[in-house]
Amino acid sequence: MKWKTKWIVAIVLTLGVIGVAKLEDAGVIREPVTQYVTSGKDFMVMKKWVATMIKDPGADKVAVMADPHQEDPFSAYESMQPYKEGVIVSYTQPLPIDAQENGLVIFTGFTRESGKTITVLYDSGDEVTYGYVGTVYKLPYTAVKKGDTLALMDEGAIYLKVKQDGVKMDASLLPTYLSGGEQ
């Protein structure tokens, strides 16, 4: 699909969503339609539907790695302390923060809770927030693939919050999550 066609489809879809929301607010549409396009699960369904229309040319390629047993840097943390709705994980050296799987960056910015922050909604439904990062490499609403660098952690600690299916993961389960194990 050409870039002009992609933009036209995106604009029409956006205007359609805004128009339906306005009709719902005016009482013309009695069904609560906007809740379907504002929740995380439905957003992922819409994203996958649009992705099938666009057809990513790189999706048919198989990635080859030199070391298939590459260790996830998040699994080698030094200490982990509960903090607000997540945890503070400390490391001995700065780390690049890479996407764990394909997904969508849904927030980049500064929060009081976690400083400079990036939040990614992965295709599996996991929503992961990385805070106290040094440099952010992705913009909001950017699609990411597994292994893409999202940010660089300058300091020796990072804030981490994980939501699975909209529910905040308990801090006691995060070590297992970070090591790639089953929860």
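Is Lys-84 buried or exposed? In this predicted model, Lys-84 has a relative accessibility of 61%, and anything over 50% counts as exposed, so Lys-84 falls in the exposed class. Its place is the loop between strand 1 and strand 2. The backbone here does something worth a look: phi of Lys-84 is positive, near 50 degrees, even though the residue is not a glycine. The loop belongs to a hairpin, with two residues between strand 1 and strand 2.

Tyr-141 makes a good companion to Lys-84. Tyr-141 isn't a glycine, yet its phi is positive, at about 60 degrees. This tyrosine sits in the loop between strand 7 and strand 8 (143-144). With a relative accessible area of 58%, Tyr-141 is exposed.

Now for the overall picture. The protein is built with four helices and 11 strands. Of its 183 residues, 24% are buried. About 11,800 Å² of the protein is exposed, and 59% of that comes from carbon and sulfur atoms. As for contacts with a separation of 6 or more, 55% of them link residues 24 or more positions apart.

Helix 1 covers residues 3-26, and its length can be checked with a little arithmetic. At 1.5 Å a residue, its 24 residues should span 34 Å, and the C-alpha atoms at its ends are 35 Å apart, which agrees. Just after the helix comes Gly-27, with a positive phi of about 90 degrees.

Next, the strands. Strand 1 (residues 79-83) runs antiparallel to strand 2, and the two are paired over five bridges. One of these bridges can be picked out by name: Gln-81 has Ile-88 of strand 2 as its partner. Strand 2 is mostly covered, with four of its five residues buried. Strand 2 also pairs with strand 10, again in the antiparallel sense, over four bridges. On that side, Ile-88 stands opposite Tyr-159 of strand 10.

Strand 10 is also joined to strand 6, by six bridges, and these two strands run antiparallel. Here Tyr-130 has Leu-160 of strand 10 as its bridge partner. Strand 6 is another mostly covered strand: five of its six residues are buried. Strand 6 pairs with strand 5 as well, antiparallel and over five bridges. Strands 5 and 6 make a hairpin with three residues between them, and in the turn Gly-125 has a positive phi of about 100 degrees.

Thr-117 gives a closer look at this hairpin. The residue lies in strand 5, and its bridge partner in strand 6 is Gly-131. With a relative accessibility of 1%, below the 20% limit, Thr-117 counts as buried. A polar atom of the Thr-117 side chain lies 2.8 Å from the backbone oxygen of Gly-115. Leaving aside residues up to four places away in sequence, Thr-117 touches several others, including Phe-107, Thr-108, Thr-129, Tyr-130 and Val-133.

Three other strands form an open, antiparallel sheet in the order 3-9-7. Strand 3 (96-98) and strand 7 (135-136) are at the edges with a single partner strand each, so each has one side without a neighbour in the sheet. Strand 3 is joined to strand 9 by three bridges, with the strands running antiparallel. In this pairing, Ile-97 is matched with Ala-151 of strand 9.

What about the inside? In soluble globular proteins, nonpolar side chains tend to be buried together. In this model, the largest nonpolar core has 25 residues, and those with the most contacts inside it are Val-89, Ile-97, Val-120, Tyr-130, Leu-150, Ile-158 and Leu-160. At least two residues of this core come from each of strand 2 (86-90), strand 5 (115-122), strand 6 (126-131), strand 9 (149-152), strand 10 (157-164) and helix 4 (174-178). Two of the core names have come up as a pair already: Tyr-130 and its bridge partner Leu-160.

Technical notes:
Residues numbered from 1 in each chain as written. Predicted model: local features only at pLDDT ≥ 70, side-chain atom pairs only at ≥ 80, totals over all residues. Heavy atoms only, no water. Core = buried A, V, L, I, M, F, W, Y, C linked by side-chain atoms within 4.5 Å. Buried < 20%, exposed > 50% of the residue type's maximum accessible area, 1.4 Å probe, protein only. Expected span 1.5 Å × (residues − 1). Polar contact = N/O pair within 3.5 Å; in protein donor to acceptor, adjacent residues only side chain to side chain. Contact = heavy atoms within 4.5 Å. Areas by Shrake-Rupley, 256 points an atom, 1.4 Å probe, with all protein chains shown as cover. Pairing = 2+ DSSP bridges.
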